[in-house]
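Please keep the viewer open and a selection tool ready. This tour goes from one selection to the next and says what is found at each stop.

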Amino acid sequence: MRRTNTIFLALILFSISTQSFAQKFRKKEVALISYKVSIDQDYYEKFTAFSSLFREPVKPELDRITSHLTVDIWYLIKQRLTEDVGMLLLPIDAYGKKFSYNEYGFPDVGINRALRKGNSKYYISIDVDISPEFAANYINKIIADSSQIVQLKENQLKPKVTIKMNIYNNRGVIPVKIAKGEALSKDIIDLDEKYFDGFVNSNFNTQHETLYKLVNEAINNLIISVYSR
């Protein structure tokens, strides 16, 4: 009985500790210093068959697919960091000419420059990667208790979304938290326009597996990671 109580108390203390850690960021001013969405080249070429589904970019020279996903994924991440973690995220252009920006209008500075030019309590950098589980045209499949490489059809894919976020405070260049969220497609996807539901239309709750659902699952795991020690 004493051992059970000890374990229970340890779990409570651990829960309090992790929640207290995440509370550090609640109602604290946070500035984005770097944000990038990367799409595996083979996957990108598959996606281009559906490029007409995506919004026209603000600047005609920008890539249509990457521009659309970069903006939309940011708003999904921003919403969760604001609502679930409680961060007070500054507008991406809050520091004006003090920061440099990438082609999509998002800050693109290192933490050293951010500390010199900014005055926020915390800073975050975020990288989103959309890539194959194994390789663009192959998967690693368990067959009869052995691992085998299986070739996919031309229009098939089995994607993984990885989101990495470094959180810095205003006192140093070493992250005070490195959070990561991953999500792997459960099944092999036969790529068609329905896979982009949620990003290119309002079909958020479609029964099909979609990139939108996969990204949100990765964001969920990112938020969980922020709360873990």
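Start by selecting Phe50 and Phe196: both residues are buried. The model you are looking at is a predicted one. Show the two side chains as sticks, and Phe50 and Phe196 appear as a tilted aromatic pair, with 5.6 Å from centre to centre and 50° between the planes. Such a pair of rings is described by the distance of the centres and the angle of the planes. Now follow the chain away from each ring. Phe50 sits in the loop between helix 2 (41-47) and helix 3 (64-85), whereas Phe196 sits in the loop between strand 9 (189-190) and helix 5 (211-227). The two are 146 residues apart, and the pair links distant parts of the chain.

Add Tyr43, Phe47, Phe54 and Tyr195 to the selection. Together with Phe50 and Phe196, these residues form one aromatic cluster. In total, the structure holds 12 aromatic pairs.

Next, select Tyr95 and Phe99, another of the ring pairs. The ring centres of Tyr95 and Phe99 are 4.8 Å apart and the planes meet at 35°, so this pair is tilted. Are these two residues buried or exposed? Tyr95 has 12% relative accessibility, so Tyr95 counts as buried. Phe99 has 4% relative accessibility and therefore also counts as buried.

**The whole chain**

Clear the selection and colour by secondary structure. The protein chain has five helices and nine strands. Read from the N terminus, the order of the elements is α-β-α-α-β-α-β-β-β-β-β-β-β-α. Of the 229 residues in the protein chain, 42% are buried. Among contacts with a separation of 6 or more, 69% are between residues 24 or more positions apart. Switch on the surface if you like: the accessible surface of the protein chain comes to about 12,800 Å², and carbon and sulfur atoms account for 50% of it.

**The sheet**

Hide the surface and look for the open sheet. How many strands form it, and in what order? There are five strands, in the order 2-1-3-7-8, and the pairing is mixed. Strand 2 (88-89) and strand 8 are the edge strands, and each pairs on one side only. Strands of a sheet pair through backbone hydrogen bonds, either parallel or antiparallel. Select strand 1 and strand 3 to see a parallel case: nine bridges join them. To look at one bridge, pick Lys36, whose bridge partner in strand 3 is Asp127.

**The nonpolar cores**

Now select Tyr35, Ile73, Leu81, Ile124, Ile126 and Leu211. The largest nonpolar core has 48 residues, and these six touch the most other members. Strand 1 (29-39), helix 2, helix 3, strand 3 (122-132), strand 7 (159-169), strand 8 (177-184) and helix 5 each give two or more residues to this core. Helix 5 supplies the largest share, nine residues.

Centre the view on Ile126. Leaving out residues up to four places away in sequence, Ile126 touches Leu32, Ser34, Tyr35, Lys36, Trp74, Ile77, Leu81, Ile163, Lys164 and Met165. Apart from this core lies another one, of 10 residues, including Ile33, Phe99, Val109 and Tyr123.

**The salt bridges**

The last stop is for charged side chains. Side chains of opposite charge can pair when their charged atoms come close. A search of the whole structure finds six salt bridges, and three of them are shown below.

- Select Glu56 and Arg64: the closest N and O atoms of this salt bridge are 3.0 Å apart. Glu56 has 59% relative accessibility, so Glu56 counts as exposed. Arg64, at 25% relative accessibility, counts as partly exposed.
- Select Asp84 and Arg80: here the closest N and O atoms are 2.4 Å apart. Both residues lie in helix 3, four residues apart, which is about one turn of the helix. At 26% relative accessibility, Asp84 counts as partly exposed.
- Select Lys180 and Glu182: their side chains meet in a salt bridge of 3.5 Å, N to O. Lys180 counts as partly exposed at 40% relative accessibility, and Glu182 is partly exposed with a relative accessible area of 35%.

Definitions and conventions: Residues numbered from 1 in each chain as written. Predicted model: local features only at pLDDT ≥ 70, side-chain atom pairs only at ≥ 80, totals over all residues. Heavy atoms only, no water. Buried < 20%, exposed > 50% of the residue type's maximum accessible area, 1.4 Å probe, protein only. Contact = heavy atoms within 4.5 Å. Areas by Shrake-Rupley, 256 points an atom, 1.4 Å probe, with all protein chains shown as cover. Phe/Tyr/Trp six-rings, centres within 6.5 Å; stacked < 30°, edge-to-face > 60°. Salt bridge = Lys/Arg side-chain N within 4 Å of Asp/Glu carboxyl O. Core = buried A, V, L, I, M, F, W, Y, C linked by side-chain atoms within 4.5 Å. Pairing = 2+ DSSP bridges.
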